[in-house]
Amino acid sequence: MGILKDICQDIFSVKNKYVGDFKFKIVRILGLKLSKSLGYQTKGKNNKIYINENSVRKELKKCIYGLRINIKGDNNEVIINAPYKFNNCSITIEGNNSSIFISSDVDLRNTCFVSYNCSKIFIGQAVTINGANIYCASDNSCIKLGDDCMLSWGIHIISGDFHNITAPEDGEIINRGKFCEIGKHVWIGHDASICKNVRIADNSIIGAHAVVTKSFSEKNSVIAGNPAKIVKQGVEWLSCLLYTSPS
């Protein structure tokens, strides 16, 4: 069993997005003990991973297909609500006292969640993501994604700048990140970036390649450009694919 485990770890070390599904198929075949060591890892004290299913909360005992979890720190919590779909996703917590909450009926693909000290990530119900990096990049910050949001690919949602910028006079940090909040039923186009300390109103559309650096409180708006601005108002959007009737 020890030799087999070493061989599998060598296979899994390949950094290729196409390895993900194969990895979890093999993990399932090898059984619970190996699944636990490869599907999720925790280093620290009092870290909890829960699954809520049929109004019952259970601590995670085996890996979730399509999701990798890695926690380094103390007193962190991940809560995932069934039903869910994951494909090539990861959750990473590096620090203490952070939480990640994922609501039910989500369909998440090629998505990376990262949280540091005393931070929170909340993903609403029926959210679909085709590819996003969601970073609580500042301590004590929060990212919230409302119900029924639809995200394309190549998206970045970041609650901080990763590095401090200080005033030369007194060394005060002038770029603190506190939050990033996306309302309900928001469609975010591919390669868009949502920056720190930004709130987006419900029923909005964020255009492809947009860089959103300030808040927009106007609902039913199209927000686009770099830096982003409102380019149209009074719109609604549907999650179904565009269909044109044949002539």
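A residue counts as partly exposed when its relative accessible area falls between the buried limit of under 20% and the exposed limit of over 50%. Keep that in mind as you browse these close-ups of a predicted model.

**View 1. Asp 107 and Arg 109 share a salt bridge.** The N to O distance between their side chains is 3.2 Å. Arg 109 has 36% relative accessibility, so this residue is partly exposed. Its partner Asp 107 is buried, at 18%.

**View 2. Arg 199 pairs with Glu 181.** Here the closest N and O atoms are 3.1 Å apart. Arg 199 sits in strand E20 (residues 198–200) and Glu 181 in strand E17 (residues 179–182), so the salt bridge ties together parts that are 18 residues apart in sequence. Both residues are partly exposed, Arg 199 at 40% and Glu 181 at 27%.

**View 3. Glu 59 meets Lys 48.** This salt bridge spans 3.9 Å, N to O. Because Glu 59 belongs to strand E3 (residues 56–59) and Lys 48 to strand E2 (residues 48–53), the pair links parts eleven residues apart in sequence. Glu 59 is partly exposed at 34%, and so is Lys 48 at 27%.

**View 4. Ile 102 in the largest nonpolar core.** This core has 46 residues, and Ile 102 is among those with the most contacts inside it, together with Ile 157, Ile 188 and Ile 206. Beyond four places in sequence, Ile 102 touches several residues, including Ile 79, Phe 86, Leu 108 and Phe 113.

**View 5. Residues 10–21 and 31–38, where pLDDT stays under 50.** The model has ten contacts beyond four places in sequence for residues 10–21 and 14 for residues 31–38. Where pLDDT is low, please do not read the predicted coordinates in detail.

Technical notes: Residues are numbered from 1 along each chain as its sequence is written. This is a predicted model: local features need pLDDT of at least 70, side-chain atom pairs count only at pLDDT 80 or more; totals for chains, interfaces and linings use all residues. Side-chain values use heavy atoms; hydrogens and water are left out. pLDDT is the predictor's confidence in each residue, from 0 to 100. Contact means heavy atoms within 4.5 Å. A nonpolar core is a set of buried Ala, Val, Leu, Ile, Met, Phe, Trp, Tyr and Cys residues joined through side-chain atoms within 4.5 Å. Buried means under 20% relative accessible area, exposed over 50%, partly exposed in between (1.4 Å probe, protein chains only). A salt bridge is a side-chain nitrogen of Lys or Arg within 4 Å of a carboxyl oxygen of Asp or Glu. Helices (H or I, at least four residues) and strands (E, at least two) are DSSP runs, numbered from the N terminus.
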